Amino acid sequence: RSSNISRIISWIKYTISSTYLILKSKKTDAFMIVSNPPILGGWFWLLNKIKNRKYSVLVYDIYPDVLVALGKISEKNIIVKLWRWINYKVYRDASVVITIGHHMAKRLYKQFPKDAKFPEVISPWSNTDKIKPISYKDNYLSQEFNPGNKKVVLYSGNMGASHDIESMLKAAKILKNNQEILFMFVGSGEKWQFANDFARVNNLSNIKVYPFQEEKKLPYSMALATISLVALDVGAEELMVPSKVFYYLAAGSAVIGISKNENELKDIIENNQCGENVEPKNPKGLANVILRMVNNKEKLNFYQQNARMISVKQYSKKSGIEKFRLLLKCSL
């Protein structure tokens with residue numbers, strides 16, 4: 001993720017390494033092709049003209065639509081037209097196409113052959129046995145990260161160029177005099193240093209910025225959160241589902257989504273009553289929602305309990321694997 005070049009190189013390396021498995025496959029083998037790396041589907045489709053294996057497709061991000069929405073490439077570019085033509089072939093010949101959100105499924109369906117079945121939807125999940133609420137007295141990171149035992153507003157993960165980190169930082173600045181709230185950013189990306197600089201230049205002691213932690217620390221860092229923040233890029237509402245929200249839910253954190261229009265993130269939060277949604281580029285609105293949650297302990301507990309409950313019931317590893325098992329058994 002350090003640059004677009006390194007990302008493309010990793011895509012190519014993975015595609016090359018998977019070629020051996022495809023060419024050495026047996027007649028009884030079946031494949032699941034994942035949309036990341038996005039060049040894999042077309043390459044597999046070409047190789048499969050030789051091998052003729054059954055396969056399913058799992059779409060995490062809809063390419064090239066994501067690149068168009070983020071302004072990386074023009075809708076009129078010949079690469080976009082060629083990419084969609086290849087996708088059409090890949091989807092047409094698949095035994096089943098699966099995606100991770102209902103809004104994404106609707107978007108995909110518009111690109112399908114006219115007689116194709118509607119895509120199946122299986123949400124991402126987290127390991128709810130590993131990621132779970134942990135009391136502060138049992139959380140060994142609490143004294144290191146939050147010795148004042150404040151209410152933690154957490155953003156954890158990639159801090160990319162298109163993520164609305166600015167609104168989160170400005171909301172922290174608005175709430176700088178509230179001694180009860182601590183904003184914590186854990187991750188990396190293009191805006192990681194910006195977050196560091198923002199806190200330093202504005203002399204904000206209520207913002208702490210950390211790099212990605214060791215994987216073994218993840219259950220403990222996630223469990224520090226009272227409220228968690230997740231942003232969905234403007235223009236990508238039908239194109240992706242932020243996976244971090246499922247970790248937040250498992251940790252029993254109330255969730256604030258920063259998103260526009262109708263989208264999967266907003267649906268998850270509102271339909272399961274585990275938090276609230278705020279429009280992007282609205283730091284004052286975000287600050288007000290955070291303050292309202294912190295001041296209403298009964299409502300905050302309600303959101304937190306619902307988050308954990310829906311995670312175990314619907315977005316757990318056990319539940320997700322069973323959905324895949326049944327679907328692939330019937331289709332391959």
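Contact here means heavy atoms within 4.5 Å. The model is a predicted one. This briefing covers two buried residues, Thr99 and His103, then backbone geometry, the pairing of helix 7 with helix 8, and the cysteines.

**Thr99 and its surroundings**

- Thr99 lies in strand 3, which spans residues 96–99.
- Its relative accessible area is 0%, so Thr99 is buried, the limit being under 20%.
- Setting aside neighbours within four places in sequence, Thr99 is in contact with Met104, Ala105 and Leu108, and also with Val59, Glu120, Val121 and Ile122.
- Val59 belongs to strand 2 (54–59), while Met104, Ala105 and Leu108 fall within helix 5 (residues 102–109).

**His103 and its surroundings**

- His103 is part of helix 5, residues 102–109.
- With a relative accessible area of 13%, His103 is under the 20% limit and therefore counts as buried.
- Beyond the neighbours within four places in sequence, the contacts of His103 are Glu237, Glu238, Glu262, Asn263, Glu264 and Asp267.
- Of these contacts, Glu237, Glu238, Glu262, Glu264 and Asp267 are of charged residue types, whereas Asn263 is of a polar type.
- Lys27 stands 76 residues away from His103 along the chain, and the C-alpha atoms of the two are separated by 35 Å.

**Cis peptide bonds**

- Most peptide bonds are trans, and most residues other than glycine have a negative phi.
- The bond that joins Asn36 and Pro37 is cis, with omega about 5 degrees.
- Pro37 sits in the loop between strand 1 (30–34) and helix 2 (40–51).
- Another cis bond runs from Tyr63 to Pro64, where omega is near 5 degrees.
- Pro64 is placed in the loop between strand 2 (54–59) and helix 3 (65–69).

**Positive phi outside glycine**

- Asn149 is not a glycine, yet its phi is positive, at about 55 degrees.
- The loop between helix 6 (142–145) and strand 5 (151–158) holds Asn149.
- Asn149 has a relative accessibility of 53%, which is over 50%, so it counts as exposed.
- Asn203 likewise has a positive phi, near 55 degrees, and is a residue other than glycine.
- Asn203 is found in the loop between helix 8 (192–201) and strand 7 (207–211).
- The relative accessible area of Asn203 is 69%, and Asn203 is therefore exposed.

**Helix 7 against helix 8**

- The axes of helix 7 (residues 165–174) and helix 8 come within 11 Å and cross at roughly 15 degrees.
- Because angles under 35 degrees count as roughly parallel, helix 7 is roughly parallel to helix 8.
- The crossing of helix 7 with helix 8 is right-handed.
- Helix 7 makes the contact through Glu166, Leu169, Lys170 and Lys173, and helix 8 through Phe194, Ala195 and Phe198.
- By type, the residues of this contact are four nonpolar, three charged and no polar.

**Cysteines**

- Counting pairs of cysteine sulfur atoms within 2.5 Å gives zero disulfides.
- Cys274 is buried, at 1% relative accessibility.
- Cys330, by contrast, counts as exposed, at 72% relative accessibility.

Technical notes. Residues numbered from 1 in each chain as written. Predicted model: local features only at pLDDT ≥ 70, side-chain atom pairs only at ≥ 80, totals over all residues. Heavy atoms only, no water. Helix = DSSP H or I, 4+ residues; strand = E, 2+ residues; numbered from the N terminus. Buried < 20%, exposed > 50% of the residue type's maximum accessible area, 1.4 Å probe, protein only. Axes fitted to C-alpha atoms, helices over the stretch in contact; angles between N-to-C directions. Parallel < 35°, antiparallel > 145°, perpendicular 65-115°, else oblique. Left-handed = near helix turned anticlockwise from the far one by under 90°.
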